[in-house]
Each structure stands twice: as structure tokens, then as C-alpha cells.
Amino acid sequence: MFFASDNWAGAHPAVAARMSGAAAGFSTAYGDGDLDRDVYEKFSEVFEREVAVFFVSTGTAANSLSLALYGKPGGISFCHREAHVMEDECGAVEYFSGGGRLLGIDGNLGRMEPAALEKALGHFFPESVHTGRPATISITQSTEIGTVYSLQDIEAISTIAGSRCLPLHMDGARFANALVALETTPAEMTWKRGIDVVSFGGTKNGCWCAEAIVLFDLDLAREMAFLRKRAGQLFSKSRFVAAQFDAYFHNGLWLENARHSNAMASRLAEAIDAALTARLAWQPQANEVFAIFGDDMAARLQAAGATFHQWPAPAGFSGQLGEDEKIYRFVTSFATQSEDIERLAGLIR
């Protein structure tokens, strides 16, 4: 019963097979092979416009280089105060942007509040060399606590970004999970709502090691190429990343995987909601479920083989925790089986 993270899941068999198939023969290195170019075209098809695509090894690299692309002296990137770039990337954004800063914005259950963003931005206008200046805005889709920005939410933030001439970045480590939750298209969730650059994650959703920066402003592609190389993120044998994305997109595998993991999360949430010994901390929208129960229950589940993590209460959490109660996170994946859910549900009951 592996619910610690979707990073714990392996690679989908179709992805593994496609990588193996790409192993024979020779191919132009550094992203210029035939398979690389085919996959770039697939990204453009997926997003319904020509995009520039840059393979990188991790979501941290994708986020950091995306924000560094728009960096400026004294620059500040605005994100939710509990966002992954703020809490879990060890200062990578600051490092790759040459000393840029991150400023956390308030918002309930992982989503940045437009009014709070407006207020924070107002502190830096007019610009001053003493306070620094806004450089970028970043949102996480889906968020760190399993919630999703609606299309209207994204548009509200992009309107603010546009009024300040600031680029808007989307951390899409769980891009597919948010996409299928909203039942929308990649274009509608990104550039049609004012997103300028996306950290497009495949690793959590069935790939082995496949992340990409998707850039909608083609004029900045040359700058990103230099940034990626300098950061040590230009793969020589990039065909193996391309092979993963080739299988990922084939016949909608990426959407099928995300629908499955979201469905498993919904079934787990239903089981927790119906239990007398546990309860949901809030309603999940993607593939992360947060439950409240006591220390004894946590120990019993772990002894039975369940893996999961304790989680701090986020901003906007309105529930009450008993003296021995905590919040725990359960993450489902493409590899989660119905039997895993039923066994865990039985233990909780």
C-alpha cells in the first residue's frame, strides 16, 4: 500500500518499452535527433500552437530555469507561501536566478488569493532600488495539497500579471492530474489563460525521468537554451527523454494515467469520509488525499504496510485536530491498484 508519493511508482510499461526501443542505433545528440524533433511537434499539437520545448531532469530544474529566464537585478518572484518552489527546492530558484527572491502570497488551501497578490505587488510600485522589483508570478497546478486552480482562478491571476507586465509561470509537476480534474485542454489551462511558461511534469505520472519546460514566447527560446546548458540540464542522449514523452502522449496514455490516479484518490476519499475512525481534512480535487486520524491509527496502518506522510495544517484549514490527531497525506498514482484502496479502507474501518 504505497501512498507516500507518486514519485515512488515506477515507469509505465509502455514508457519502459519505448525507451528500450530507442536504445539501438545512432541518433544526433543534444536534442537534435529525429525522435526529439517529433516529440517537440507533439508538444505543439498538445498545446494547439507552436511551442519551444526544453527537456530537463527534474521539476526543480524546470521551475528554477523558468523563473530565471525572466530574472532581473533585484527581481522578486511571487508564489503561494506554501508552494513547492518556496518550501521544497532548497533555494534553487534563488541560485539559478543569480540571487532573485521569492515572496510568499497568502491563500487558502494552496491557492494564491488574487487580492493578496495585488496587495503584495502594490508594495513594489513604483519600483525602488531599495525594495527590489517584481519579476515573475508562479502558480502550482495542481497544488501541494491536492487542490486545483479553476480556469477562472488562473485568469484572475493572469489579469493581475498582465496589468503589471509580469510573466506568469505554472508549476505543472502534476499538470495532467489538474487537467483531467478540470476536464479541459492544455491550451485552455495555459496560454489561453495568460500562462507564459509551464514546468511540464511527466515523472509523477508514469515516466521514468521526464520533465520539460514549455515556453510559449518563441523569442525567448535562445535565452532558455543557454540557461539550460549553463545549468547542466542539456542531455546528450536526449532521445531517451523524448522516447518517454513519445509513449506518454501516444493514444492519450498521459490522460489515462492521470484519470486513474485521480479516480483512486476519489475512492480513497470516499472510504475515509465514510469511516468512524478517520475523516477528510478537506475535499481532494486531484490525486492527493489528506486525512485526519489519531496516532494509534497511523501506527496500525504503517505496521500493516501502508506508506504515507504526516503533513502540517495549511493556511485555510478550518478543521479541528484532537490532542492525538494529525493530518496525513496519501498520494495515488497510475500504479495504484483497487486492491490497495480496498485493503487500506478496510484497515481504516
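Modeller: Let's start with a definition: a residue is called buried when its relative accessible area is under 20%, exposed when that value is over 50%, and partly exposed in between. Keep in mind that this is a predicted model.

Colleague: Thanks! Then why does Glu288 count as buried or exposed, whichever it is?

Modeller: Glu288 has a relative accessibility of 1%. The limit for buried is under 20%, so Glu288 counts as buried.

Colleague: What makes Glu288 and Arg174 a salt bridge?

Modeller: The rule asks for a side-chain nitrogen of Lys or Arg within 4 Å of a carboxyl oxygen of Asp or Glu. Between the side chains of Glu288 and Arg174 the N to O distance is 3.5 Å, so the pair meets the rule for a salt bridge. In general, side chains of opposite charge can pair when their charged atoms come close.

Colleague: Is Arg174 buried or exposed?

Modeller: Arg174 is buried, because its relative accessibility is 6% and the limit is under 20%.

Colleague: Why can you say that the pair ties together separate parts of the sequence?

Modeller: Look at where the two residues sit. Glu288 lies in strand β9 (residues 288–294), and Arg174 lies in the loop between β5 (168–172) and α8 (175–182), so the bridge ties together parts that are 114 residues apart in sequence. Both residues also belong to a network of salt bridges that links Asp6, Arg174, Glu288 and Arg329.

Colleague: How many salt bridges does the structure hold?

Modeller: There are 14 salt bridges. One of them joins Arg81 to Asp106, with the closest N and O atoms 2.4 Å apart. This pair links distant parts of the chain, 25 residues apart: Arg81 is in the loop between β2 (75–80) and α4 (84–87), and Asp106 is in the loop between β3 (101–105) and α6.

Colleague: Why are Arg81 and Asp106 placed in the class they have for accessibility?

Modeller: Partly exposed covers the range between 20% and 50%. Arg81 has 37%, so it counts as partly exposed. Asp106 has 43%, so Asp106 counts as partly exposed too.

Colleague: How do you know that Lys192 and Glu188 form a salt bridge?

Modeller: Their side chains have an N to O distance of 3.6 Å, and the cut-off is within 4 Å. As for accessibility, Lys192 has 36% and so counts as partly exposed, while Glu188 has 24% and so counts as partly exposed as well.

Colleague: Let's move to helices. What makes α6 and α7 roughly parallel?

Modeller: Helix α6 (residues 114–122) and helix α7 (residues 151–163) pack at an angle of about 15°, with their axes 10 Å apart. Angles under 35 degrees count as roughly parallel, so that is the name for α6 and α7. Their crossing is right-handed.

Colleague: Which residues meet there?

Modeller: From α6 come Pro114, Leu117, Glu118 and Leu121, and from α7 come Ala156, Ile157 and Ile160. Six residues of this contact are nonpolar, none is polar and one is charged.

Colleague: Why is the arrangement of α3 and α10 called oblique?

Modeller: Helix α3 (residues 59–69) and helix α10 (residues 221–230) pack at about 135°, and their axes are 10 Å apart. Roughly perpendicular runs from 65 to 115 degrees and roughly antiparallel begins over 145. The angle fits neither range, nor the roughly parallel one under 35 degrees, so α3 is oblique to α10. The crossing of α3 and α10 is right-handed. In this contact, Leu65, Ser66, Ala68 and Leu69 of α3 meet Glu223, Met224, Leu227 and Arg228 of α10. These divide into five nonpolar, one polar and two charged residues.

Colleague: And what makes α12 roughly parallel to α14?

Modeller: The axes of α12 (residues 253–274) and α14 (residues 338–348) come within 10 Å and cross at roughly 15°. With the limit at under 35 degrees, α12 is therefore roughly parallel to α14.

Colleague: One last residue: why is Phe240 given its accessibility class?

Modeller: Phe240, in helix α11 (residues 239–249), has a relative accessibility of 23%, so it counts as partly exposed. Leaving aside neighbours within four places in sequence, Phe240 is in contact with Met19, Ala22 and Ala23.

Terms used
Residues numbered from 1 in each chain as written. Predicted model: local features only at pLDDT ≥ 70, side-chain atom pairs only at ≥ 80, totals over all residues. Heavy atoms only, no water. Axes fitted to C-alpha atoms, helices over the stretch in contact; angles between N-to-C directions. Helix = DSSP H or I, 4+ residues; strand = E, 2+ residues; numbered from the N terminus. Left-handed = near helix turned anticlockwise from the far one by under 90°. Contact = heavy atoms within 4.5 Å. Nonpolar A, V, L, I, M, F, W, Y, C, P; charged D, E, K, R; others polar. Buried < 20%, exposed > 50% of the residue type's maximum accessible area, 1.4 Å probe, protein only.
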